[in-house]
Amino acid sequence: GKHWAQIETDYVLLHQGIVPNANLAISAGCKHIWSAAQLCWHVEVDHWCESDIAGIAVAGDNAAINGAIAAQHSGKIAALGAVCRSGLISQAIRDQKAAAPRRALASETRIRRFLDAMFKPSPAMRIPSEDTTIVCRCEEVTAGQIRDAASQGCGDTNQLKSFTRCGMGPCQGRFCALTAAEIIAQENDLQVTDIAHPRQRPMVKPLLLDELASLCPAPNDGGK
């Protein structure tokens, strides 16, 4: 049966909120919109999960945090939209086949507004009050350093790279960009929507040289 247990530990780590990994979509140039409910950037998509760039569809949490099951259903909808755009099925068949995943998606996301309101991370959990708190783990940049940069005229996360190297590490701002943007907005009396997301640099993810080399088979005839 259920019982209580006591565990001796030095630290207890809890997460607050969930945000998507938007790096790939940002690199592709897809339009993003700010979600005031989920406090993060989402890719703007149409009824068939297609972004503003033709041929790029986004399903799952990058278009809104709704969970794994909802992502599966939105993936089916995105696939049907892509197949129809390719001319392999008609719009009528597309709509017919999409009816079931749309119903399932609506059922899965019905509680989302309540969850977003009930468990919205507080400002204290998003914007460190202690200047010694590390915001950018890759480059070990603290909240105090970001505040100092903001007070010197740094107005967005791209400028912040020049001031502090925040966001220039392997994760490309994956872990620090939102926190840094909120600190800059707070210090400069701006809205977070006024702060541009940091530009991504290739590669989107870290890549070892031997992994890159393995993608190109060595020539066996001495040619190019």
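Which residues form a nonpolar patch on the surface? They are M203, L207, L209, L212 and L215, with about 540 Å² of accessible area together. Areas come from the Shrake-Rupley method with a 1.4 Å probe, and for residues only the protein chains shown count as cover. Patch members have over 30% relative accessible area and no salt bridge; nonpolar side chains (Val, Leu, Ile, Met, Phe, Trp, Tyr) are joined within 5 Å, like charges within 9 Å.

This is a predicted model: local features need pLDDT of at least 70, side-chain atom pairs count only at pLDDT 80 or more, and totals for chains, interfaces and linings use all residues. Residues are numbered from 1 along each chain as its sequence is written, and side-chain values use heavy atoms, with hydrogens and water left out.

One patch member, L207, lies in the loop between α8 (177-187) and α9 (209-214). Helices (H or I, at least four residues) and strands (E, at least two) are DSSP runs, numbered from the N terminus. L207 counts as partly exposed because its relative accessibility is 36%. The classes are buried (under 20% relative accessible area), exposed (over 50%) and partly exposed (in between), with a 1.4 Å probe and protein chains only.

**Positive phi**

Most residues other than glycine have a negative phi. C49 and D189 have positive values, as tabulated.

| Residue | Phi | Place |
|---|---|---|
| C49 | near 65 degrees | loop between β2 (40-43) and α2 (68-85) |
| D189 | near 55 degrees | loop between α8 and α9 |

C49 is buried, at 10% relative accessible area. D189 is exposed, at 72%.

**Lysine 161**

K161 sits in helix α7 (residues 157-164). K161 is buried but has no salt bridge. Such a bridge needs a side-chain nitrogen of Lys or Arg within 4 Å of a carboxyl oxygen of Asp or Glu. The nearest side chain of opposite charge is D156, 8.7 Å away. Here Lys and Arg count as positive and Asp and Glu as negative; His and the chain ends are not counted.

What does the side chain of K161 reach at 2.8 Å? The backbone oxygen of R199. Beyond neighbours within four places in sequence, K161 is in contact (heavy atoms within 4.5 Å) with C166, G167, M168, P198, R199 and R201.

**Helix α6**

Helix α6 covers residues 143-151, and its buried residues are A143, G144, I146, R147, A149 and A150. These pack against β3 (134-136), β4 (141-142), α7 and α8. G153 follows α6, with a positive phi near 110 degrees.

Note on methods:
A polar contact is a pair of N or O atoms within 3.5 Å; within protein, one must be able to donate a hydrogen and the other to accept it, and residues adjacent in sequence count only if both atoms are side-chain atoms.
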